[in-house]
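Got your viewer open? Good: let's take a walk through this protein, one selection at a time.

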Amino acid sequence: MRIAYLDCFSGISGDMLLGAMVDSGLPLEVLERTAATLNIGARLEARKVMRGGITGTKVDVVTADTPSHADDHTHAPAHEHPHEHGHPHEHGHHHHHHDQGHSHTHEHHAHELHRSLSTILSIIAAAPLAEAVKTRASAAFRLLGEAEAAIHSIPVEQVHFHEVGAVDTIVDIVCAAAGAAHLEIDRWMASPLNVGSGTVECAHGTLPIPAPATLKLLGDAPVYAAGRPMERVTPTGATILRMLGIKYGALPQLRVQSSGYGAGGRDTPGQPNLLRLIVGESEAAHAATEPGTEPIAILETVIDDSTPQLLAYVSERLLESGAWDVYRIPLQMKKGRTGVQLTVLCAPHRLAQLREILFRETTTIGAHWRIESKMALEREIVEIDTQWGTIHMKIARSAAGSVLNAAPEYEDCRRIADENKVPLKQVMQQAAQAWAASRKGE
């Protein structure tokens, strides 16, 4: 199982996560292409910076209204642009509110346009991205909109996002979804969250940290406050944590494959403004408790609005893409509906790829998976001569070498039966008899 672990000792924001992904080896081009496909006039820039003496990667969303840092070689800028998510997490305001006529803390906000949730979802839907990425990002924005709507007791469609801030938020969330898909992570985990302390100035006045939307989105996540007073977990950061389905806890046993640091906007003394990402393979996947044991991923979903032809097609696509097996079980769902449980068996490293096919090719909106242990007998293929030609036999042996099973290959038998106009069962029987005869005297 491939695990990504986020060390949130200085919190998390959208740009910090993107920086950590790039710093750990994700090609920047993956995120640049994603930002470009959104067609909202934004691009990404990445640069190395120092935070508390540690080098990290800072990723910025650049638009016509924000400055480029391409020629900025300073390691600890005193301030970042007020619209960036990663500027020291000390937001002078948040990028979303529900009242389009509300005056803002910064004078130049007065003429900003706004985007509704439905508009942002349309932008994501229109982008030429993998369906799994669009599904994940859209769900994240719904969570963000629902959090704001609950806080202000308004319908979710009355929640609006500042034009400039919404560009940052859209790019951060969609690129995070695309980066996660590219990394092919099976499980996302994180440490308890350092949310910061103090107050934050927003369109609604001075509020305690964490901000209301952030607190709503974090739910029952383990949180604490440490270091100088500042906002360390942003609403976008909290949204992304929910989007990734984070499980909180200590770093599990794993074999580290890569790691990286994503930087916030300012170097904060005594508390490096960094997010660490560790990517590795679960140690359990390497622990063979018995000879012949290996990990197996089991991916399942239930579908109640699909045709048999579509499910057959999806099964073929999954097998062509590396699934070990695919099977379907009819079942009765709530309200008396008839459904089908689709189960996919595969190697753990193929889980992300096959999961994407499942979401793209079926109507399901949810799936679950688990990693279990699989024991397989040692196998070999031998050739057996029959009166009609050569047939391959699959032989299964125990760890001690004893033959436990032998079966002729179906495709060979079927070809010979068709070519010679004989019953398939007769071909299979003769193959088995020929193999048994070949073993006499062993």
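Below is a list of stops, each with something to select and something to look at. Keep in mind that you're looking at a predicted model.

**Stop 1: strand β16**

Select residues 274-282, which make up strand β16. This strand is mostly covered, with 8 of its 9 residues buried. Now bring in its partners. Strand β1, residues 2-7, pairs with β16 in the antiparallel sense over 6 bridges. To find one spot in that pairing, click on D7, which stands opposite R276 in β16. Next, add strand β15, residues 254-263: 9 bridges join β15 to β16, and the two run antiparallel. Which residue of β16 is the bridge partner of R255? Click across and you'll land on E281. If you wonder what holds such pairs together, strands of a sheet pair through backbone hydrogen bonds, either parallel or antiparallel.

**Stop 2: helix α8**

Move on to residues 308-320, helix α8. Here's a little check you can do yourself. At 1.5 Å a residue, the 13 residues of α8 should span 18 Å, and the end C-alpha atoms are indeed 18 Å apart, so the two agree.

Now colour L311, V314, S315 and L318: these are the buried residues of α8. They cover an arc of only 105 degrees around the axis, which means they sit on the same side of α8. What do these buried residues pack against? Show β17 (293-303), β18 (325-332), β19 and α9 (351-361), and you have the answer. Then spin to the face turned away from the buried side, where you'll meet the exposed residues Q309 and E320. Just after the helix comes G322, whose phi is positive, near 115 degrees.

**Stop 3: V314**

Stay in helix α8 and zoom in on V314. Buried or exposed? V314 counts as buried because its relative accessibility is 0%. Leaving out residues up to four places away in sequence, V314 touches L342, E361 and T362. Try a distance too: the C-alpha atoms of V314 and I357 are separated by 8.0 Å, though the two residues are 43 residues apart along the chain.

**Stop 4: T343**

Jump to strand β19, residues 338-346, and pick T343. With 0% relative accessibility, T343 counts as buried. Its contacts, not counting residues up to four places away in sequence, are I298, L299, E300, D325, V326 and Y327. Show the side chains and look for two polar contacts. The side chain of T343 makes one with the side chain of E300, at 3.2 Å. Another, also at 3.2 Å, joins the side chains of T343 and Q341. One more distance: T343 and T301 are 42 residues apart along the chain, yet their C-alpha atoms are separated by 6.8 Å.

**Stop 5: an open sheet with two helices**

Finally, select the 3 strands that form an open, antiparallel sheet in the order β21-β22-β23. β21 (378-386) and β23 (403-408) stand at the edges with a single partner strand each, so one side of each is left without a neighbour in the sheet. Neighbouring strands here are turned by 25 degrees against each other on average, direction ignored. β21 and β22 (residues 389-397) pair over 9 bridges, and E383 has H392 in β22 as its bridge partner.

Add helix α10, residues 410-420: α10 packs on the sheet, touching β22 and β23, and its direction makes about 160 degrees with that of β22. Then add helix α11, residues 424-438, which also packs on the sheet and touches β21, β22 and β23. The direction of α11 makes about 105 degrees with that of β21.

Definitions and conventions:
Residues numbered from 1 in each chain as written. Predicted model: local features only at pLDDT ≥ 70, side-chain atom pairs only at ≥ 80, totals over all residues. Heavy atoms only, no water. Helix = DSSP H or I, 4+ residues; strand = E, 2+ residues; numbered from the N terminus. Buried < 20%, exposed > 50% of the residue type's maximum accessible area, 1.4 Å probe, protein only. Contact = heavy atoms within 4.5 Å. Polar contact = N/O pair within 3.5 Å; in protein donor to acceptor, adjacent residues only side chain to side chain. Pairing = 2+ DSSP bridges. Axes fitted to C-alpha atoms, helices over the stretch in contact; angles between N-to-C directions. Expected span 1.5 Å × (residues − 1). Arc of directions from axis to C-beta.
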